[in-house]
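Hi everyone, thanks for making time for this. I'd like to walk you through one structure, so please have the viewer open and follow along with me.

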Amino acid sequence: MELEGIGASPLRKEDWPLLRGEGTFIADFKRPGMVHALVVRSPFAHARFSQIDGSAALQAPGVIGLITAADLPDRGRAIPIRIFHDETANRYLQRPLADGEVRYSGEPVAVLIAESRYLAEDAAELLSVDYEPLEVILDPDAGTVAGHLVVERGDIAAAFSQADEVIEQEFRIQRHAATPLETRGLVAEYDPASQTVTVWGAAKIPHVNRRILAQLLGWDESRIRLVELHVGGGFGARGEFYPEDFLIPFAAIRVGRPVAWVEDREESLRAMNHSREQVHRVELALRADGTFLGLRDTFVNNTGAYVRTHGMTVPGLSISMLPGPYALPAYRGEYRSVLTNTTPCGTYRSPGRYEVNFVRERLVDSAANRLGIDKVEIRRRNFIREFPYDTGTLFDGHQVVYDSGDYPRLLDKALEAFDYAGLKRWRAQAPPDGFKRGLGIAFFVEKAGPAEREYARVELNATGDVTVFTGTASVGQGMETALAQVCVTHLGLPFDRVAVKHGDTALIPEGMGSFGSRGAMLGGAAVMGASVRLREQLLERAAEELEAAPDDLVVTVDGVAVRGTPSRSVPLPSIAVEDRFVCELLGFPYGVQIAAIEVDTATGAVRIHRYAVAYDIGRAINPLIVRGQISGGFAQGLGGALFEEFAFDANGQPLAASFMDYLLPTSAEVPDIEVLITEDAPSPINPLGVKGVGEGGTAGVGGAMANAVADALGVEVTQLPLSPERVAALASA
Amino acid sequence: MKPAPFEYDDPRSVDETIGLLAKYGDECKVLAGGQSLVPLMNFRLARPGRLIDINGVESLGQIKIENGRLLLGAMVRHAHVESSNEIAARWPLLHEAIGWVGHSQIRNRGTIGGSVAHADPAAELPCAFAALDARFHVLSKRGPRVLRWDQIFVSEFTTSLAPDELLTAIEVAPQDPSSGVAFVEFARRHGDFALGGAAVSITLARNGTCSDVAIALLSAGARPVRAEKAEGVLRGSRVDETQIRHASAAAVEGLRPTSDLHGSSEYRVKLLQVMTERGLARAAQRAARHAA
């Protein structure tokens, strides 16, 4: 019988309740006596205030309470960085509520609790804050530096002095963000008898957030339970610890009733982490034959008004990953992560890499054009060939060492699978009147993991039902299905008998969560470890009872039997095995994206003729899920390449305040793409050989699309997004 | 994103509706399909004290053809027009324009009268009605009025309807079956309000010259714009590439659409010219096909 283990593509366990409308998202979740919180937000991007007058608001119908900074322990403790710490950055952390000064439009100033969200919004209009507007800083070059890092290896000065050619360019990536379909939301309930608080609506990192909440409340962690419900997308932003993750439980404790808060889209677009905004000034030194000698980059990362939980993750990943797949004898990178009066920033799918893949791959195309070398050839000529490859940089204390790879092989496979020769012929044919054709390629290295450890427990009961408990979380990526498949392969019982439980700190003792494409690598390895040991124990016990060698035994849902003699069998026992997988290293999947496009030169519209992604992920646990991850990731990458932008007016007011102006690509804008999954370079750092797969669909889209437009128009493209007006201007330049 | 408090009425007839409008006037707003009003209320950008919901007024939901003239009740849904074979055959410009309105969910709910009364200069229907020289039937307790497009559309989101008046129907004259039409627009995404567009109708005489032409521009100003100068360029002349270019240049003379996040005024002018050119070319091709 087909067990549907690793390599199979069973339909996702997650989908049944979702497709039948039986999912429980945070807005579906109700508790008896539940009341509603409204986070009152600053209308100014920068202002001082001395007084919040809530007397009228508190008299309004249905209002139960008002919380300001003065009500919080220590007037609100700073929300700590959880990843990529920086000492300077620690001076600029956000507190749950503004205390005397607001630094971005949308900053929480107070919390109103009322019988309904409607009544809370009515009461909020009666709240009076004596704002005194201050100077607004939006230009990243003028912002206070919250983090600064220089990375240097090789003799960079020598590289440039020996160069036959130097390509120099400034590149800009616009601010955009994750905007998951389900906005954030929480329901918190305090139980006075046990003096514990339960918070539903956790996502991504429940255990980590329990620790942070305990720290901010000054409580022991054991008094806090976080529970994950269905999660409608995370993409880096959802599930981090935000001001509301403190304020809502605090409100529940204070008013003694369950408190619900469901972020509406208007506040979500101002409150949830933004990302991506960087300006790079970069130079590439080459020999005349196209060999790269050195790369020098100074960039500014706009981190918004505060440093949030991701610390310096985004610029840190940019500085490590800028060189990408190419061997560079010398490299110097320098970043300044700066504060401005804008929404604070964090990660977004392929953080730090989407940005530098655009920068580097554009620069490589410029170099190819300048030197008259074929664009594929110049890439092949400079590929890293030896693995493991030490980039000489650190990510949050972890060495950035590429674990495995065969870049030329993937490139060759992709060119063949996607008929690149045919695309070149298409490119050379005469386009329709008024159109120009372009072909763009972007090669990239992704990073996956770590967060050093992950927990799993596998429980077998006598009926043959298996329950896997994991410390990872589900953000819609198919984690339950994938982990079940790992268990199936290593335990030997069928897929439909394996259930996966996650996201409840009362049920699972520890966990690092799901982010940075770590779930399959770390969570998968822990499930594998527990499943292997459980099978061993099962066979050992049965071998003793049946007086047979373990190798001669067969495990089925009916019991353990001697091969060929089903009558000699014992029933399944109830056993549970735990495992903790520890890994300090990172995995580095790699890929290539190819865009074939037509530009309508009069309007500046970019039409995709074909788009293809080839991705080596070491090993695919569920190829159908991998394909889905890549396709969905591509859609988000395309949003960044063509549509999405968080712009502000001169006063720091967001111009894209709803989905009418923040342009997510819809199904009409996202074409079907071609996907090639390869498994040529399994990761040596985990026993499954897997590398994370969540971000490769996104990583290269800015670079490939920009290269395609540059190719079509014969110009340099130095800025995203490729909005029609920008492209039309390039076309007429 | 919850609306401010409001009172709510649910009339069942036109008489009852205009009675309520006469009584409450300024403080109320008519709720038709709600595709613009409800979001505005949720943002608290619109705060009517009272909503008069006319979804229960059945007599406003009919499409009638009388003496060859099309009469669209104010509560006719976009989808209803879109699926009418009669309209597709006899008023193809209207049919083509409807296809550009939002997404199918919006067209299922949105109404013809709601689109007119909302008077968004980026909305397709007001533009198409300008090209079609539609007439707008208005009723109040004081009596009926019939308005031309340039009388009803005043400015952005502003019509000449008095607070006690209800738009009841839109009337469109029969079209010359030999004319060629085109509705073209450019938006950043499918279903978005267009950055620029044009509604075009061309009729050719036996000798191939243009006997009649209408060009209305979308997102070109504070209300729909009839490109009269461009129409003058074409009327009586041959409709070839050169004339189309001249007409398109004339169409955008003096236009200053508002800049925003998605396009500067200069870019929008250029787009309007391109859209006019493409609309004219397509309409002329269709007219020539009808003539052949």
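**A tour of chain B and chain A**

Let's begin with chain B, which has 12 helices and 14 strands; helices (H or I, at least four residues) and strands (E, at least two) are DSSP runs, numbered from the N terminus. Its radius of gyration is 19 Å, close to the 19 Å that the globule rule gives for 292 residues, so chain B is as compact as a globular protein of that length. That radius is taken over C-alpha atoms, and the rule is 2.2 Å times the number of residues to the power 0.38. The C-alpha trace of chain B spans about 60 × 45 × 30 Å along its principal axes.

A word on what you are looking at: this is a predicted model, where local features need pLDDT of at least 70, side-chain atom pairs count only at pLDDT 80 or more, and totals for chains, interfaces and linings use all residues. Residues are numbered from 1 along each chain as its sequence is written, while chains are lettered from A and ligands numbered from 1 in the order in which they are written.

How much of chain B is buried? Buried residues make up 50% of its 292 residues. Buried means that 20 or more other C-beta atoms, placed from the backbone, lie within 10 Å of the residue's own (exposed is 12 or fewer, partly exposed is in between). Now find helix α8 of chain B, residues 124-131: eight of its eight residues are buried, so this helix is largely enclosed by the rest of the structure. Among them are B:Pro126, B:Cys127 and B:Phe129. After α8(B) comes B:Asp133, with a positive phi near 50°.

Over to chain A, please. Here you'll find an open sheet of seven strands with mixed pairing, in the order β4-β6-β1-β15-β12-β13-β14; two strands pair if DSSP finds at least two bridges between them. Why is one side of β4 (63-67) and of β14 (224-228) in chain A left without a neighbour in the sheet? Both stand at the edges, each with a single partner strand, so that side stays free of a neighbour there.

Inside this sheet, β12 (residues 185-191) and β13 (residues 196-202) of chain A pair in the antiparallel sense over five bridges. If you zoom in, A:Ala188 stands opposite A:Val199 in β13(A).

That's my tour, thanks for listening!
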